[in-house]
Amino acid sequence: MADFLTDIETLRERARQEIEKGPVTDAYGADLERVLQVLNEALATEIVCTLRYKRHYYTASGLYSEPVAAEFLEHAAQEQEHADRVAQRIVQLGGKPDFNPDTLTQRAHASYDASADLVEMIKEDLVAERVAIAAYTEIAQWLGDGDPTTRRVFEDLLAQEEEHADDLRGLLERIPQDARR
């Protein structure tokens, strides 16, 4: 079996070169600028989702609104955690997280929603989760071994987005058909 690890002296020498790049070394195998762009799109997505869930939490009304609103609030907090994680990864890679409110909805994968009907809120949130699931699956596959740390961030987000989608589907199933009109 061939040696797989570069000799330690060479690793040390390389580590001293371009020290300002922090964790991005010669071993980094992805297109850094494109990864930063994708991360900023994910950041916008998570911020928009946080805002949508917050709006739905505050405006949910009706007979079935209490448990649904509680779920919206929980999801809003988790989406904010996702945004924080993505922003942190952008900074680790030497980028700048883009929080510009003027362009958030243009950069986000999911859209903002101002539905007033509880069932429509749930459906729109479920659509947004499904969009995030599809996008994050593609991103994780695209990153592959080129940036395993960022791939794991997206895999973690993906797992929670799938959980959110399942929660929302369950909420829809518990609301009687006659209450959906």
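A residue counts as partly exposed when its relative accessible area falls between the buried range, under 20%, and the exposed range, over 50%. That yardstick comes up again and again below, and Asp166 is a handy case: Asp166 is partly exposed, with a relative accessible area of 40%. Everything described here comes from a predicted model.

Asp166 has a partner close by in the sequence. A salt bridge joins Asp166 to Arg169, with 2.5 Å between the closest N and O atoms. The two sit three residues apart in helix α6, which puts about one helical turn between them. In general, an α-helix has 3.6 residues a turn, so residues three or four places apart point the same way. Arg169 is partly exposed too, at 45% relative accessibility. Elsewhere, Asp145, Arg151 and Glu155 are joined into one network by salt bridges that share partners.

How many salt bridges turn up in a search of the whole structure? The count is eight. One of them pairs Asp156 with Arg85, where the closest N and O atoms are 2.9 Å apart. This pair links distant parts of the chain, since Asp156 belongs to helix α6 and Arg85 to helix α3, 71 residues away. Asp156 is partly exposed at 41% relative accessibility, and Arg85 is partly exposed at 32%.

Another salt bridge runs between Asp147 and Arg89, with the closest N and O atoms 3.1 Å apart. Asp147 comes from the loop between α5 and α6 while Arg89 comes from helix α3, so the pair ties together parts that are 58 residues apart in sequence. Here both Asp147 and Arg89 are buried. Arg89 also shows up around Thr150, a residue of helix α6. Beyond its neighbours within four places in sequence, Thr150 is in contact with Val35, Leu39, Arg89, Leu93 and Leu143. Thr150 is buried as well, at 1% relative accessibility.

Helix α3, the home of Arg85 and Arg89, covers residues 65–92. Its 28 residues reach 40 Å from the first C-alpha to the last, close to the 40 Å expected at 1.5 Å a residue. Just after α3 comes Gly94, with a positive phi of about 90 degrees.

Next comes a group of residues flagged in a database record. In an unreviewed UniProt entry, the annotation "binding site" covers Glu46, His82, Glu129, Glu161 and His164. These residues span 119 residues in sequence, yet no two of their C-alpha atoms are more than 13.0 Å apart, so they gather at one spot. Glu161 belongs to helix α6, which takes in residues 148–174, and His164 lies in helix α6 as well.

Are Glu161 and His164 buried or exposed? Glu161 is buried, with a relative accessible area of 1%, and His164 is buried at 0%. Setting aside neighbours within four places in sequence, Glu161 is in contact with Glu46, Glu79, His82, Glu129, Ala132, Ile133 and Tyr136. On the same basis, the contacts of His164 are Tyr53, His75, Gln78, Glu79, His82 and Glu129. Glu79, His82 and Glu129 thus appear among the contacts of both Glu161 and His164.

Leu168 is another residue of helix α6, and Leu168 is buried at 0% relative accessibility. Apart from neighbours within four places in sequence, Leu168 is in contact with Tyr53, Phe72, His75, Ile122, Asp125, Leu126 and Glu129. Tyr53, His75 and Glu129 are therefore contacts of Leu168 as well as of His164. Leu36 is another story: the C-alpha atoms of Leu168 and Leu36 are separated by 30 Å, with their positions 132 residues apart along the chain.Finally, there is Asp113, in the loop between α4 (104–107) and α5 (118–143). Asp113 is buried yet has no salt bridge, and the nearest side chain of opposite charge, that of Arg52, is 6.0 Å away. What the Asp113 side chain does have is a polar contact of 2.9 Å with the side chain of His56, along with a 2.7 Å polar contact with the side chain of Ser115. Beyond neighbours within four places in sequence, Asp113 is in contact with Arg52, Arg55, His56, Met121 and Glu124.

Conventions:
Residues numbered from 1 in each chain as written. Predicted model: local features only at pLDDT ≥ 70, side-chain atom pairs only at ≥ 80, totals over all residues. Heavy atoms only, no water. UniProt positions renumbered as here; feature names shortened; annotations may be inferred. Helix = DSSP H or I, 4+ residues; strand = E, 2+ residues; numbered from the N terminus. Buried < 20%, exposed > 50% of the residue type's maximum accessible area, 1.4 Å probe, protein only. Contact = heavy atoms within 4.5 Å. Expected span 1.5 Å × (residues − 1). Lys, Arg positive; Asp, Glu negative; His and termini not counted. Salt bridge = Lys/Arg side-chain N within 4 Å of Asp/Glu carboxyl O. Polar contact = N/O pair within 3.5 Å; in protein donor to acceptor, adjacent residues only side chain to side chain.
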